Amino acid sequence: VEAAPKPWNGPCQGIRDEEFIRGSVPMTKREVRACAVSMAAPSPGAVLWDVGAGTGSVSVELALSAPSGRVFAVECEQEGIALIRWNRERFGAWNVTPVHGKAPDALADLPAPDAVFIGGTKGGLEGILDIVLEKNPSARIVISAVTMETIAQSSQLLTERGLEFEATQISAARTRQAGRFHMMAAQNPVFLIEAHKN
């Protein structure tokens, strides 16, 4: 019988990437994750969605930031669902509920969100935004974009729906060993688009 994992006593935001159990599923990196959770601004009892949850790293930080709230981690890949469950246990984030399915269809039965992080859409961004706003027109929305096409599409769809938005580019670099020296190695830049009703 495996021993239960030790309770997590570390930070709620900006958890180091290597603390998460990872597979081949993409994971939102530490610097971007900390900014995204800050933009989502979860209250202690908030209902939160993480759409395209991957490993569940954002879900975990949202859950730790909203200890009496509920986080729904929506992921279409079976490996991702397994990773979400493992990371939920790893951090004791039992207020995370994995939801296996593809958005927007997988969102239909979820409770109205106070805030939503959209990390991946598989081409379904328009439908995702529509169901979020149908359930709660005042929901705070944070979209992660790594391509110019996603930035352009997000800007257009948010404008058409009467949402105010602000885009922030996150560019981070970390040290790596180069012999006896340390060099800065750049990570891919990510845009975070924060949106809400006027």
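Colleague: Is R140 buried, partly exposed or exposed?
Modeller: This is a predicted model, so the answer comes from computed values. Buried means under 20% relative accessible area, and exposed means over 50%. R140 has a relative accessibility of 27%. R140 therefore counts as partly exposed.

Colleague: Which residue forms a salt bridge with R140?
Modeller: The closest N and O atoms of this pair are 2.7 Å apart. The pair links strand β5, which holds R140, to strand β9, and the two residues are 54 apart in sequence. The partner of R140 is E194.

Colleague: Is E194 buried or exposed?
Modeller: The cut-off for buried is under 20% relative accessible area. The relative accessible area of E194 is 18%. E194 is therefore buried.

Colleague: Which residue is the bridge partner of V142 in β9?
Modeller: β5 and β9 (residues 190–197) run antiparallel, and five bridges join them. One pairing along the way sets S144 opposite L192 in β9. For V142, the bridge partner in β9 is E194.

Colleague: How many bridges pair β6 with β9?
Modeller: β6 and β9 pair in the antiparallel sense. One example is L163, whose bridge partner in β9 is K197. The number of bridges between β6 and β9 is eight.

Colleague: What is the strand order of the open sheet?
Modeller: Strands of a sheet pair through backbone hydrogen bonds, either parallel or antiparallel. Here the open sheet has seven strands with mixed pairing. Its order is β3-β2-β1-β4-β5-β9-β6.

Colleague: Which strands stand at the edges of this sheet?
Modeller: An edge strand here has a single partner strand, so one side is left without a neighbour in the sheet. Neighbouring strands of the sheet are turned by 15° against each other on average, direction ignored. The edge strands are β3 (96–100) and β6.

Colleague: Which strand does helix α1 run along at about 5°?
Modeller: Helix α1 covers residues 30–40. It lies across β4, β5, β6 and β9. The angle of about 5° is to β9.

Colleague: At about what angle does α2 run to β2?
Modeller: Helix α2 covers residues 57–65. It lies across β1, β2 (70–75), β3 and β4. Its angle to β2 is about 175°.

Colleague: Is A36 buried or exposed?
Modeller: A36 sits in helix α1. Leaving out residues up to four places away in sequence, it touches F117, V142 and L192. Its relative accessibility is 3%, so A36 counts as buried.

Colleague: How far apart in space are A36 and V58, C-alpha to C-alpha?
Modeller: In sequence, A36 and V58 are 22 residues apart. In space, their C-alpha to C-alpha distance is 8.0 Å.

Colleague: Which residue meets E61 in a salt bridge?
Modeller: E61 is buried, with a relative accessible area of 0%. The pair links helix α2, which holds E61, to helix α1, across 28 residues. The N to O distance is 2.8 Å, and the partner of E61 is R33.

Colleague: Which residues are linked with R33 and E61 in a network of salt bridges?
Modeller: R33 is buried, with a relative accessible area of 0%. A search of the whole structure finds 11 salt bridges. Besides R33 and E61, the network holds D17, E31 and R174.

Colleague: Which residue forms a salt bridge with R161?
Modeller: The closest N and O atoms of the pair are 3.2 Å apart. R161 lies in the loop between α5 and β6, and its partner is in helix α4, so the pair ties together parts 35 residues apart in sequence. R161 is buried at 16% relative accessible area, while its partner is partly exposed at 40%. That partner is E126.

Colleague: Which residues of helix α4 are buried?
Modeller: Helix α4 covers residues 125–135. What covers its buried residues includes β1 (47–51), β4 (115–118), β5 (140–145), α5 (148–160) and β6 (163–170). The buried residues are L125, I128, L129, I131, V132 and L133.

Colleague: Which element gives the most to the lining of the largest pocket?
Modeller: The largest pocket holds about 960 Å³ of space. Its lining has 43 residues, with P26, G119, G120, S144 and V146 nearest its centre. α1, β1, α2, β2, β4, β5 and α5 each supply at least two residues. With three residues, the element that gives the most is β5.

Conventions
Residues are numbered from 1 along each chain as its sequence is written. This is a predicted model: local features need pLDDT of at least 70, side-chain atom pairs count only at pLDDT 80 or more; totals for chains, interfaces and linings use all residues. Side-chain values use heavy atoms; hydrogens and water are left out. Buried means under 20% relative accessible area, exposed over 50%, partly exposed in between (1.4 Å probe, protein chains only). Helices (H or I, at least four residues) and strands (E, at least two) are DSSP runs, numbered from the N terminus. Contact means heavy atoms within 4.5 Å. Two strands pair if DSSP finds at least two bridges between them. Axes are lines fitted to C-alpha atoms, for helices over the stretch in contact, and angles run from 0 to 180 degrees between N-to-C directions. A salt bridge is a side-chain nitrogen of Lys or Arg within 4 Å of a carboxyl oxygen of Asp or Glu. On a 1 Å grid over the protein atoms alone, a cavity is a set of points where a 1.4 Å probe fits but cannot get out, and a pocket is an open set with protein on both sides within 12 Å along at least five of seven lines; lining residues have an atom within 4 Å of a point. Grid points are joined across faces, edges and corners, and a volume is the space filled by probe spheres set on the points.
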